[in-house]
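Welcome, and thank you for taking a look at this one with me. Here are some notes to read alongside the model.

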Amino acid sequence: MVWSMIGTYATVFSVGGGLCAIAELLIVRTKLTPARILVIFLIAGIILEGVGLYDYIFDVCQAGISVPIVGFGASLAKGSIEAARTTGFFGAFAGGLVRTAYGVGAAIVMSYIVTLVFNPRSK
């Protein structure tokens, strides 16, 4: 049980760290801005979900692939695909937003709470 948990943590840490290392290499070695790298990772998640590979990768990598922006892109794509299947063409536009609304809302509320607790300053 403990070794299984340690193995899971090692896998998640390795995959998440690997994604961060790739992003850092792109920042250092190319002229890509962090915003463009973010979009690249987001689109990678959308593509992986669209071609059906994301679930297989998730089975192995778990939170290492689902927590970063790649997982957000996959959630957008999965929500759009499901809504398009159930409600039709216009569901494709709303499905991603419906599926990710809870996480985005929680991030907004938590960031507001942090600004109340700490004293943010502009440089």
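**Notes on the helix packing**

1. Let us start in the middle of things: the crossing of α2 and α5 is right-handed. The contact draws on Leu38, Phe41, Leu42, Gly45, Ile46, Leu48, Glu49 and Gly50 from α2, and on Ile69, Val70, Phe72, Gly73, Ala74, Leu76, Ala77, Lys78 and Ile81 from α5. Sorted by class, the contact of α2 with α5 has twelve nonpolar, three polar and two charged residues. Please keep in mind throughout that this is a predicted model.

2. The geometry of that pair is worth a look as well. Helix α5 covers residues 69–87, and its axis comes within 7 Å of the axis of α2. The two axes cross at roughly 45°, and that makes α2 oblique to α5.

3. Now step back to the whole chain. How many helices and how many strands are there in the chain? There are six helices and zero strands, so that reading along the sequence gives the pattern α-α-α-α-α-α. The C-alpha atoms fill a box of roughly 45 × 40 × 40 Å, taken along the principal axes.

4. Two totals describe the chain further. Of its 123 residues, 20% are buried. Among the contacts with a separation of 6 or more, 48% are between residues 24 or more positions apart.

5. Helix α2 also has a partner earlier in the sequence. Helix α1 takes in residues 2–29 and helix α2 residues 34–50; they pack at an angle of about 140°, with their axes 10 Å apart. α1 and α2 are therefore oblique to each other. For this angle the cut-off matters: roughly antiparallel applies over 145 degrees. The crossing of α1 and α2 is right-handed.

6. Which residues bring α1 and α2 together? From α1 come Leu19, Ile22, Ala23, Leu26 and Ile27, and they meet Pro34, Ile37 and Phe41 in α2. By class, this contact has eight nonpolar residues, with no polar and no charged ones. Phe41 is worth finding in the view: Phe41 is listed in the contact of α1 with α2, and Phe41 is also listed in the contact of α2 with α5.

7. On its other listed contact, α5 meets α6. The axes of α5 and α6 come within 6 Å and cross at roughly 135°, and the two helices are therefore oblique to each other. α5 passes α6 in a right-handed crossing. On the α5 side the contact is made by Phe72, Ser75, Leu76, Lys78, Gly79, Ser80, Glu82, Ala83, Ala84 and Thr87. On the α6 side it is made by Gly91, Ala92, Gly95, Gly96, Leu97, Arg99, Thr100 and Val104. The classes here are seven nonpolar, eight polar and three charged residues.

8. Is Thr100 buried or exposed? Thr100 sits in helix α6, which spans residues 91–117. With a relative accessible area of 8%, Thr100 is buried, because buried means under 20%. Leaving aside residues up to four places away in sequence, Thr100 touches Phe72, Ser75 and Leu76.

9. Next, the aromatic rings. The structure holds three aromatic pairs. One of them joins Phe89 and Phe90: the ring centres are 5.4 Å apart and the planes stand at 75°, so this pair is edge-to-face. Another joins Phe89 and Phe93, also edge-to-face, at 5.3 Å centre to centre and 80° between the planes. Phe89, Phe90 and Phe93 form one aromatic cluster. Both Phe89 and Phe90 are exposed, and Phe93 is exposed too.

10. A last residue to check is Gln62, in the loop between α3 (54–61) and α4 (63–66). Most residues other than glycine have a negative phi. Phi of Gln62, however, is near 50°, a positive value in a residue other than glycine. At 31% relative accessibility, Gln62 counts as partly exposed.

Note on methods:
Residues are numbered from 1 along each chain as its sequence is written. This is a predicted model: local features need pLDDT of at least 70, side-chain atom pairs count only at pLDDT 80 or more; totals for chains, interfaces and linings use all residues. Side-chain values use heavy atoms; hydrogens and water are left out. Axes are lines fitted to C-alpha atoms, for helices over the stretch in contact, and angles run from 0 to 180 degrees between N-to-C directions. Helices (H or I, at least four residues) and strands (E, at least two) are DSSP runs, numbered from the N terminus. Angles under 35 degrees count as roughly parallel, over 145 as roughly antiparallel, 65 to 115 as roughly perpendicular and the rest as oblique. A crossing is left-handed if the near helix is turned anticlockwise from the far one by less than a right angle, and right-handed if clockwise. Contact means heavy atoms within 4.5 Å. Ala, Val, Leu, Ile, Met, Phe, Trp, Tyr, Cys and Pro count as nonpolar, Asp, Glu, Lys and Arg as charged, and the others, Gly among them, as polar. Rings of Phe, Tyr and Trp (its six-membered ring) pair if their centres lie within 6.5 Å; planes under 30 degrees apart count as stacked, over 60 as edge-to-face and the rest as tilted. Buried means under 20% relative accessible area, exposed over 50%, partly exposed in between (1.4 Å probe, protein chains only).
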